[in-house]
Amino acid sequence: MRIGLLTEGGYPYVSGDARLWCDRLVRGLGQHEFDIYALSRSARQEAQGWIELPPQVNRVRTAPLWTADDDGVAFGAGYGRRARRRFAECFGELAAVVCDSGAASAAGAARESGDADALADRFGSALYGLAELARDQGGLVAALRSEAAVRALEGACRAPGALRAARTARVSDLLVVAGLLERALRPLSLDWYGDDGLGAVDLCHATSGGPAAIPGLLAQHFSGVPLLVTEYGVQLRAHYLATGDEALSAPARALLTSFHGRLAAEVYGKATIITPGNTHARRWQERCGAERAKLRTVYPGMEASRFAEVGEREDPGDPDTLLWVGRIEPAKDLISLLHAFAEIRKEEPKARLRIVGAPAEGAEATAYLAHCRALAAQLFPDEAEGVHAVGDNPVSFEEIGTPDVPDLADAYAAGSVVVLSSVVEGFPISLVEAMFCGRATVSTDVGAVVEVIGGTGLVVPPRNPRALAEACVALLRDAGRRDRLGAAARARALELFTVEQNTEAFRAIYLEIVSHCPVRREALDDAGEPVPFGNPAEARMPGRWAVAAVAAGGAGGAGGADAGAGSGGAPRWAQEADGPERLKGAGV
């Protein structure tokens, strides 16, 4: 089959999100053809280039989300009166839904709510109306940044029932919001949706929600292509966290949050299947309006072979060494870890802490690393056996690639207990790597940690240095317990978190979606004329995919509805899946 893989800020670029698992997925499904449609986030990312692509990738089309270049047409002069009127109607409706005080809670409201459904319908109609206008006009970049767009936002903010925070929006706030909305809606202006683009694929697979999924929505709207959405980090959650850090006013944050919430609800509503990477992501998706029947948990696949040698060794590592691995940033809460280690040293004077990692990008992360180093020097002055000896600090900060830590596997081999102290975490990759290496772990109860550990490690509350210290001391003093937990952790990781498990899960999902929701295309000859009997008669006969939609409160409780391509409801074969948490027959 032919897959349209939709990415944002990642694959096929050298840097970015989800590039590793996308590459492993494409390479693992060599029997399928892949067309890559990628949205880039920065000029730096584009300058770094692509990774080497496998032969099953037929084509790659890219578009930037970071430029402000218009489509070469001034909105006032380049659009006819009818086009300007259509834009005013569609964008005005979109702005009205975004500014509506019910829109902020509609994504998390019960699906039985009539108001939530009405808002969803209005948002979808406005979005697809803009998409059709963009197709007819060759793009909407200039229009979405025009004075007409700002006036529509202003009118929606001043309307009765508008968000309280939005009512105080100034013109400068609305200009910022219009620019960011245009960037998020940039996929509307792309020429990816014809018969030589996404209209020719059998399935669109969006590797995240948000702007990356918009091309899939439009391919479904224009050509009936089914949409699969995978989220290992929920895009809406990431937006909530990011807006708090950006220099945006309160009205701008409120409007953008409402827009992204409505977009997430639209993506989840139109997707045929949604595959969260863990239960933590799954709860976010359900809260944002995803139907439970559509959700299939597929854990990320990680390369276990690179850790095989360490995991199979009888050497359990230095029994007095604690290890922390990851990107150094405030969310990892190394401050609590250092204070916990001060308590550990009181009980176990020989204990050592190795912090292996590099700071995340940005001045804040660099400053945080400097602060952690200063705190470590203050809490643990250099120790020396005599007045003439050179002291040695029990806390070390190291990076992968140095002589002491040539690669990641060597880092995990150095310690007997791996610690995670985060206050915010999605899927804890460092914990899975430690599990592959057969190491006992102590972690904070955040994100998907408990789901990943599954009883094979110790879990403590976040921001609690005393509890973290007590758990670490318990493992440092009990070698037998460390060995048992490490062996159980390795067995669990090999069962659930390998590349092979991930690939097989998506192979099965691809086949199920395409078999139950095939794209209906007219067979044409070289001259563009219909081919007689080009499609078999049984292709137009209702099968198992012709599901009955149960209308809420309807007489008799049943009504016939085709859940084929373009339908937003969950198909019967999804509803009959054996449990929402596992992919039946795929080992996940």
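Author: pLDDT is the predictor's confidence in each residue, on a scale from 0 to 100. The structure shown above is a predicted model.

Reader: What is the mean pLDDT of the chain?

Author: Of the residues in the chain, 83% reach a pLDDT of 70 or more. The mean pLDDT of the chain is 84.

Reader: Which stretches have a pLDDT below 50?

Author: One stretch has 14 contacts beyond four places in sequence, and its pLDDT stays under 50. Another has 42 contacts beyond near neighbours in sequence, with pLDDT also below 50. Where pLDDT is low, the predicted coordinates should not be read in detail. The two stretches are residues 106-112 and residues 573-588.

Reader: How many helices and strands does the chain have, and what share of its residues is buried?

Author: The chain has 23 helices and 14 strands. A residue counts as buried under 20% relative accessible area. Of the 588 residues in the chain, the buried share is 51%.

Reader: What part of the contacts with a separation of 6 or more joins residues 24 or more positions apart?

Author: The count takes the contacts in the chain whose separation is 6 or more. Among these, the share held by residues 24 or more positions apart is 73%.

Reader: Is helix 12 largely enclosed or largely open, and how many of its residues are buried?

Author: Helix 12 covers residues 250-270, and its end C-alpha atoms are 31 Å apart, which agrees with the 30 Å expected at 1.5 Å a residue. The helix is largely enclosed by the rest of the structure, because most of its 21 residues are buried. The number of buried residues is 17.

Reader: Which strands stand at the edges of the six-stranded open sheet?

Author: The six strands follow the order 9-8-7-10-11-12, and their pairing is parallel. Each edge strand has a single partner strand, so one side of each is left without a neighbour in the sheet. On average, neighbouring strands of this sheet are turned by 20° against each other, direction ignored. The edge strands are strand 9 and strand 12.

Reader: Which residue of strand 8 is the bridge partner of Leu323?

Author: Strand 7, residues 318-325, pairs with strand 8, residues 352-356, in the parallel sense over five bridges. In strand 8, the bridge partner of Leu323 is Arg354.

Reader: Which residues does Ser396 contact beyond its neighbours within four places in sequence?

Author: Ser396 is found in strand 9 and is buried, with a relative accessible area of 18%. Ser396 and Arg354 are 42 residues apart in sequence, yet their C-alpha atoms are 5.0 Å apart in space. Leaving aside those sequence neighbours, the contacts of Ser396 are Leu353, Arg354 and Ile355.

Reader: At what angle does helix 15 run to strand 8?

Author: Helix 15, residues 334-347, lies across strand 7, strand 8, strand 9 and strand 10. The angle of helix 15 to strand 8 is about 165°.

Reader: Is Asp333 buried or exposed?

Author: Asp333 lies in the loop between strand 7 and helix 15. Its phi is near 55°, a positive value in a residue other than glycine. With a relative accessibility of 10%, Asp333 counts as buried.

Reader: Is Arg463 buried or exposed?

Author: Arg463 is found in the loop between strand 12 and helix 20. Phi of Arg463 is near 55°, which is positive although the residue is not glycine. The cut-off for exposed is over 50%. At a relative accessible area of 62%, Arg463 is exposed.

Reader: Which residue of strand 5 is the bridge partner of His205?

Author: Strand 4 pairs with strand 1 in the parallel sense over four bridges, and three bridges join strand 4 to strand 5, again running parallel. Leu203 and His205 point one way from strand 4, Cys204 and Ala206 point the other way, and all are buried. On the strand 1 side, Gly4 has Cys204 as its bridge partner. In strand 5, the bridge partner of His205 is Leu228.

Reader: Is the peptide bond from Tyr11 to Pro12 cis or trans?

Author: Pro12 lies in the loop between strand 1 and helix 1. The omega of the bond from Tyr11 to Pro12 is near 10°. This peptide bond is cis.

Key:
Residues are numbered from 1 along each chain as its sequence is written. This is a predicted model: local features need pLDDT of at least 70, side-chain atom pairs count only at pLDDT 80 or more; totals for chains, interfaces and linings use all residues. Side-chain values use heavy atoms; hydrogens and water are left out. Helices (H or I, at least four residues) and strands (E, at least two) are DSSP runs, numbered from the N terminus. The expected span of a helix is 1.5 Å times one less than its number of residues. Buried means under 20% relative accessible area, exposed over 50%, partly exposed in between (1.4 Å probe, protein chains only). Contact means heavy atoms within 4.5 Å. Two strands pair if DSSP finds at least two bridges between them. Axes are lines fitted to C-alpha atoms, for helices over the stretch in contact, and angles run from 0 to 180 degrees between N-to-C directions.
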